[in-house]
Amino acid sequence: MPIQVTRLSDPAVRDFVSAVNAHDRAAFQAVLAPDATMSDDGSDRDVAEWTDREIFSSHGHMDIDKETAGGRSLLVSYRNDTWGEMRTKWDFVVEHGKVTRFETGQA
């Protein structure tokens, strides 16, 4: 059974997941540090381009299966209109309440 987003331990990660699932670009941008970085399957990507393609334009959604590392590491059933559903891992670096880096990839 998925973990409810409201029960995620880290507030910034909770806001990140909430913004993704609500398809709320403004809320998503608000949780990211201005110079946030990310990687997908070990390759650094442009945050704005990647999130537009993989989350917002393709209706991405995260169902949280497990959290570790104080809520900064998630095992997720992720789905979007492009790839369907897949099991993914998401790791977050949070500083001063903002996500400064996130890394995702197939789990």
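# Briefing on strands, a helix and aromatic pairs

Asp41 is found in the loop between E1 and E2, and although Asp41 is not a glycine, its phi is positive, at about 50°. The model is predicted, and the points below take up the strand pairing around this loop, a residue of strand E6, helix H3, the aromatic rings and a further residue with a positive phi.

**Strand E1 and its partners**

- Strand E1, which covers residues 32-40, runs parallel to strand E6, residues 98-106, and five bridges join the two.
- Strand E2, residues 43-45, runs antiparallel to E1, to which three bridges join it.
- With two residues between them, E1 and E2 form a hairpin, and Asp41 with its positive phi of about 50° belongs to the turn.
- Asp40 has a counterpart in each of these two neighbouring strands, since it stands opposite Thr104 in E6, while its bridge partner in E2 is Ser43.

**Thr100 in strand E6**

- Thr100 is found in strand E6, and because its relative accessibility is 17%, where buried means under 20%, Thr100 counts as buried.
- Leaving aside residues up to four places away in sequence, Thr100 touches Ala33, Asp35, Ala36 and Thr37, together with Val93, Val94 and Glu95.

**Helix H3**

- In helix H3, which spans residues 47-56, the buried residues are Val47, Trp50, Thr51, Glu54, Ile55 and Phe56.
- These buried residues line one face of the helix, because they fall within an arc of 150° when H3 is seen down its axis.
- Ala48 and Glu49, by contrast, are exposed and lie on the other side of H3.
- The N-terminal end of H3 is capped by Asp46, one of whose side-chain oxygens lies 3.3 Å from the backbone nitrogen of Ala48.

**Aromatic pairs and cluster**

- How many aromatic pairs does a search of the whole structure find? The search finds 11 of them.
- One aromatic pair is formed by Phe16 and Phe92, whose rings lie edge-to-face, with 4.9 Å from centre to centre and 75° between the planes.
- Because Phe16 lies in helix H1 (residues 11-22) and Phe92 in strand E5 (residues 84-95), the pair ties together parts that are 76 residues apart in sequence.
- Phe16 and Phe92 are both buried.
- The pair of Trp90 and Phe92 is stacked, because the planes of the two rings stand at 15°, with the ring centres 6.5 Å apart, and planes under 30 degrees apart count as stacked.
- Trp90, like Phe92, is buried.
- Phe16, Trp90 and Phe92 are among the members of one aromatic cluster, which also includes Phe28, Trp50, Phe56, Tyr78 and Phe102; Trp50 and Phe56 also appear among the buried residues of helix H3.

**A second positive phi**

- Most residues other than glycine have a negative phi.
- Against that background, Asp41 has a positive phi of about 50°, and His59, also a residue other than glycine, has a positive phi near 55°.
- Where does His59 lie? His59 lies in the loop between H3 and strand E3 (61-68), whereas Asp41 is found in the loop between E1 and E2.
- At 45% relative accessibility, His59 counts as partly exposed, because that value falls between the limits of under 20% for buried and over 50% for exposed.

Methods: Residues are numbered from 1 along each chain as its sequence is written. This is a predicted model: local features need pLDDT of at least 70, side-chain atom pairs count only at pLDDT 80 or more; totals for chains, interfaces and linings use all residues. Side-chain values use heavy atoms; hydrogens and water are left out. Two strands pair if DSSP finds at least two bridges between them. Helices (H or I, at least four residues) and strands (E, at least two) are DSSP runs, numbered from the N terminus. Buried means under 20% relative accessible area, exposed over 50%, partly exposed in between (1.4 Å probe, protein chains only). Contact means heavy atoms within 4.5 Å. The arc is that of the directions from the helix axis to the C-beta atoms. A polar contact is a pair of N or O atoms within 3.5 Å; within protein, one must be able to donate a hydrogen and the other to accept it, and residues adjacent in sequence count only if both atoms are side-chain atoms. Rings of Phe, Tyr and Trp (its six-membered ring) pair if their centres lie within 6.5 Å; planes under 30 degrees apart count as stacked, over 60 as edge-to-face and the rest as tilted.
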